[in-house]
Amino acid sequence: MLIGEVARRSGVSARMLRHYESLGLVRPSGRTGSGYREYSGEDIRRIFHIESLRSLGLSLRDIGRALDDPGFAPSALVDDLIRQTRERLAAETELLTRLRRIDAAEPAGWEDVLQVVALLQALESKSPDARQRAALSSADEVPVPVEALVEAALSETEPNVAGALRWALARSGEGGTELLAKGLGSPVAAVRERAVRSLAEMPGDEAAARLRDALADPDVAVRGHAALALGTRGAADVIPTLIDMIAEGRNDTDAADALSALASDTVTADQIATGLVDRLAADTTEAPARGRLTQALADIPGNTASRALVELSHDEDRAVALTAAYLLQLRDAR
């Protein structure tokens with residue numbers, strides 16, 4: 001079979017067949033009387049073998065070794081191809097993500113594209129200052145894409161940078177709420193905590209619903225941040241969780257502030273005071289916890305809290321009694 005017919009049937013161009021011949025990959029078995037290349041059935045099978053190996057990403061050099069070296073073991077080469085393919089896919093995925101984020105910013109021109117690229121690079125910088133500046137730049141004309149802000153917020157460990165990212169997300173509206181909610185499903189407690197702290201600063205009912213989901217989280221820190229956020233939003237059903245936080249010394253000052261904010265009406269104030277008193281009376285409540293619970297009564301208005309402080313001013317624990325007496329003086333002075 002002449003080269004033109006081989007090219008037509010195999011789909012390999014005559015030029016590429018000549019290139020294979022120059023490399024010694026495939027040689028026509030004969031020549032016609034006029035000197036034209038003539039390929040045998042075995043030659044054509046070898047051509048198909050070459051093309052099959054090329055489809056796997058093998059170089060022509062490796063293909064030659066695979067076909068001609070009887071001792072050639074494919075396992076190492078295939079493993080290397082797998083590694084290269086994974087690296088290439090990772091690079092392509094990263095590029096696709098970057099392009100989608102640029103598109104989401106709706107750039108008006110190439111200057112905007114360059115600005116978004118610079119901000120995305122800054123968010124990935126090793127410098128905390130650079131990351132913080134990028135987060136704060138979300139107030140500029142070309143904002144940082146929300147998806148990039150969420151990804152950065154869920155991985156950020158520097159407190160100042162994390163605060164800037166949460167601020168930027170809050171300004172972005174509810175667009176990041178769904179993305180942050182996915183962070184609540186992370187197997188890593190630290191990631192879930194970052195997600196719930198970011199959701200705490202997000203506006204809207206959807207963010208509140210996600211925070212309520214976080215109340216069932218197995219990690220106490222995640223549950224605590226959710227309870228604090230919901231408490232500041234007026235959710236009275238988190239009162240028991242806030243009281244637990246005070247007793248256990250977990251963000252107890254913030255929990256006490258949240259209870260004070262919730263005690264805006266007589267019914268809720270009495271409910272909070274009763275919950276604090278019941279926890280104070282529990283046999284398992286230790287002295288430091290009783291001190292914190294007594295202090296939490298300070299900003300709870302109403303007769304129930306006042307009566308509790310009167311009783312506590314005679315408590316057997318001198319520290320509790322002194323604290324209660326002092327708080328009563330402050331209440332009388334108001």
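Reader: Which residues of helix H18 are buried?

Author: Welcome to this predicted model! Helix H18 covers residues 303–312. Its buried residues are Thr304, Ala305, Ala308, Leu309 and Leu312.

Reader: Within what arc do the buried residues of H18 fall, seen down its axis?

Author: Looking down the axis helps here. The buried residues of H18 line one face of the helix, because seen that way they fall within an arc of 135°.

Reader: And which exposed residues does the face of H18 turned away from its buried side carry?

Author: Now turn to the other face of H18. This face points away from the buried side of the helix. The exposed residues it carries are Asn303, Arg307 and Glu311.

Reader: Which helices are included in what covers the buried residues of H18?

Author: The cover over these buried residues includes parts from both before and after H18 in the numbering, for H18 spans 303–312. Among them are helix H16 (266–281), helix H17 (287–296) and helix H19 (318–333).

Reader: Is Ala308 buried or exposed?

Author: Ala308 is found in helix H18. Its relative accessible area is 8%, and buried means under 20%. Ala308 is therefore buried.

Reader: Which residues does Ala308 touch, not counting residues up to four places away in sequence?

Author: Setting aside residues up to four places away in sequence, Ala308 has contacts elsewhere in the chain. The residues it touches are Val277 and Leu297.

Reader: How many Å separate the C-alpha atoms of Ala308 and Asp80?

Author: Along the chain, Ala308 and Asp80 are 228 residues apart. In space, their C-alpha atoms are separated by 73 Å.

Reader: What is the orientation of H14 to H16, roughly parallel or oblique?

Author: Helix H14 takes in residues 239–248 and packs against H16 with their axes 10 Å apart. The angle between them is about 40°. That angle makes H14, relative to H16, oblique.

Reader: How many nonpolar residues does the contact of H14 with H16 have?

Author: From H14 come Ile239, Ile243, Asp244, Ile246, Ala247 and Glu248, which meet Thr268, Gln271, Ile272, Gly275, Leu276 and Arg279 in H16. By class, three residues in this contact are polar and three are charged, while the number of nonpolar ones is six.

Reader: Is the crossing of H14 and H16 left-handed or right-handed?

Author: These are the two helices that pack at about 40°. Where H14 passes H16, the crossing is right-handed.

Reader: What is the separation of the C-alpha atoms of Glu92 and Glu248?

Author: Glu92 lies in helix H5 (residues 74–104) and is partly exposed, with a relative accessible area of 46%. Glu248 is one of the H14 residues that meet H16. The two are 156 residues apart along the chain, and their C-alpha atoms are separated by 48 Å.

Conventions
Residues numbered from 1 in each chain as written. Predicted model: local features only at pLDDT ≥ 70, side-chain atom pairs only at ≥ 80, totals over all residues. Heavy atoms only, no water. Buried < 20%, exposed > 50% of the residue type's maximum accessible area, 1.4 Å probe, protein only. Helix = DSSP H or I, 4+ residues; strand = E, 2+ residues; numbered from the N terminus. Arc of directions from axis to C-beta. Contact = heavy atoms within 4.5 Å. Axes fitted to C-alpha atoms, helices over the stretch in contact; angles between N-to-C directions. Parallel < 35°, antiparallel > 145°, perpendicular 65-115°, else oblique. Left-handed = near helix turned anticlockwise from the far one by under 90°. Nonpolar A, V, L, I, M, F, W, Y, C, P; charged D, E, K, R; others polar.
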